[in-house]
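Open the model in your viewer and keep the selection panel at hand. Each stop below says what to select and what is there.

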Amino acid sequence: MERLLENITIFCDMSPRAQDVVRPLFTPMEFKRGETMIRCGKTCQSLYVIEQGFCRAFNIQDGLEVNLNFYFEYETVTHKNSYVFNTPADFEVVACEPMIVYRIDKPDLLNAIRQCPELGEAGKKNLELIAAKQERQLQLFRILTAKGRYEFLEQHNPALLQRVPISQLASYLGVKRETLSRIRNKRMRPVIL
């Protein structure tokens with residue numbers, strides 16, 4: 001919990017009073033591998049901050065699971081549109097390994113912001129980070145080839161390449177598993193002069 005509060009202070013200076021207000025609102029939760037955090041078709045009115053483990057967001061397209069995103073330690077997981085507009089989620093979020101998260105529900109957070117407006121600034125900056133990550137991902141897919149997307153992840157998110165199974169990674173990159181295997185093999189071959 002203390003590490004969670006330290007991460008929140010990255011977004012804004014939090015007074016001891018604000019920390020006292022928000023601390024009891026976070027509910028620790030554990031998810032086993034394969035357990036659903038956010039269910040497709042249900043509204044999501046919570047934010048989940050990951051302390052340990054990672055999860056994936058996916059939906060079903062033409063009968064196949066398509067991975068939309070992965071979330072790792074100290075990232076915030078939610079369905080932004082469902083959270084903001086109170087609409088049903090159009091994807092699922094499932095634990096990929098055992099997870100420990102802290103959940104805070106929207107009504108509790110709004111009440112805390114009324115008590116300590118500085119918390120609103122932290123929340124706003126956190127949602128901006130979520131939006132920036134989504135925009136970077138969109139640009140990644142619009143501009144780069146499959147090889148270029150893999151190289152980008154090598155440079156900017158190597159943990160994703162190390163922790164995510166190849167079939168899920170291929171789905172995320174929008175390629176077949178065989179194509180990803182070829183890209184990886186070419187990247188790993190030593191150059192012979």
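Select helices α8 and α9 and show their side chains. Ile166, Ser167, Leu169, Ala170 and Leu173 in α8 meet Arg177, Leu180, Ser181 and Arg184 in α9. By class, this contact of α8 with α9 has 5 nonpolar, 2 polar and 2 charged residues. This is a predicted model. Now look at the geometry. The axes of α8 and α9 lie 9 Å apart, and the helices pack at about 100°. An angle from 65 to 115 degrees counts as roughly perpendicular, so α8 is roughly perpendicular to α9.

Stay on α8 and pick Gln168, which lies in this helix. Is Gln168 buried or exposed? Its relative accessibility is 17%. The cut-off for buried is under 20%, so Gln168 counts as buried. Now find what surrounds Gln168. Beyond its neighbours within four places in sequence, Gln168 is in contact with Arg56, Asn67, Phe70 and Cys96.

Next, add strands β4 and β5. Helix α8, residues 166-173, lies across both of them. Against β5, α8 runs at about 90°. Strand β4 covers residues 55-61 and is antiparallel to β5, with 7 bridges joining the two. For one of these pairings, select Gln61: its bridge partner in β5 is Leu64.

Widen the selection to the whole sheet. What is the strand order? This open sheet of 4 strands runs β2-β7-β4-β5, with antiparallel pairing. At its edges are β2 (36-38) and β5 (64-71), each pairing on one side only. From one strand to the next, the twist averages 35°.

Go back to α9 and add α6. Helix α6 spans residues 146-156, and α9 spans 177-188. Their axes come within 10 Å and cross at roughly 60°. Since 60° falls outside the ranges for parallel, antiparallel and perpendicular, α6 is oblique to α9. The crossing of α6 past α9 is right-handed.

Which residues meet here? From α6, select Ala146, Lys147, Tyr150, Glu151 and Glu154. From α9, select Leu180, Ile183, Arg184 and Arg187. The contact of α6 with α9 divides into 4 nonpolar, no polar and 5 charged residues. Leu180 and Arg184 of α9 also appear in the α8 contact.

Now colour the buried residues of α6. They are Ala146, Gly148, Arg149, Tyr150 and Leu153. What do they pack against? Show α5 (118-143), α7 (158-163), α8 and α9: the buried residues of α6 pack against these helices.

Move to the other sheet. Select β1, β8, β3 and β6, in that order: they form an open sheet of 4 strands with antiparallel pairing. The edge strands, β1 (27-31) and β6 (76-77), each pair on one side only. Strand β3, residues 46-52, runs antiparallel to β6 and is joined to it by 2 bridges. Click Val49: its bridge partner in β6 is Thr76.

Add α4, residues 106-115. This helix lies across β3 and β8 (99-105). Relative to β8, α4 runs at about 60°.

From β1, step into the loop that leads to β2 and select Arg33. Is Arg33 buried or exposed? The relative accessible area of Arg33 is 63%. Exposed means over 50%, so Arg33 is exposed. Setting aside neighbours within four places in sequence, the contacts of Arg33 are Ala95, Cys96, Glu97 and Pro98. Cys96 is also a contact of Gln168.

Draw a distance from Arg33 to Glu154. Their C-alpha atoms are separated by 25 Å, and the two residues are 121 apart along the chain.

Finally, zoom out to the whole chain. How many helices and strands are there? The chain has 9 helices and 8 strands. Its C-alpha trace spans about 65 × 40 × 30 Å along the principal axes. Of the 193 residues, 41% are buried. Take the contacts between residues at least 6 apart in sequence: 70% of them join residues at least 24 apart.

Key:
Residues numbered from 1 in each chain as written. Predicted model: local features only at pLDDT ≥ 70, side-chain atom pairs only at ≥ 80, totals over all residues. Heavy atoms only, no water. Pairing = 2+ DSSP bridges. Contact = heavy atoms within 4.5 Å. Axes fitted to C-alpha atoms, helices over the stretch in contact; angles between N-to-C directions. Parallel < 35°, antiparallel > 145°, perpendicular 65-115°, else oblique. Left-handed = near helix turned anticlockwise from the far one by under 90°. Nonpolar A, V, L, I, M, F, W, Y, C, P; charged D, E, K, R; others polar. Buried < 20%, exposed > 50% of the residue type's maximum accessible area, 1.4 Å probe, protein only.
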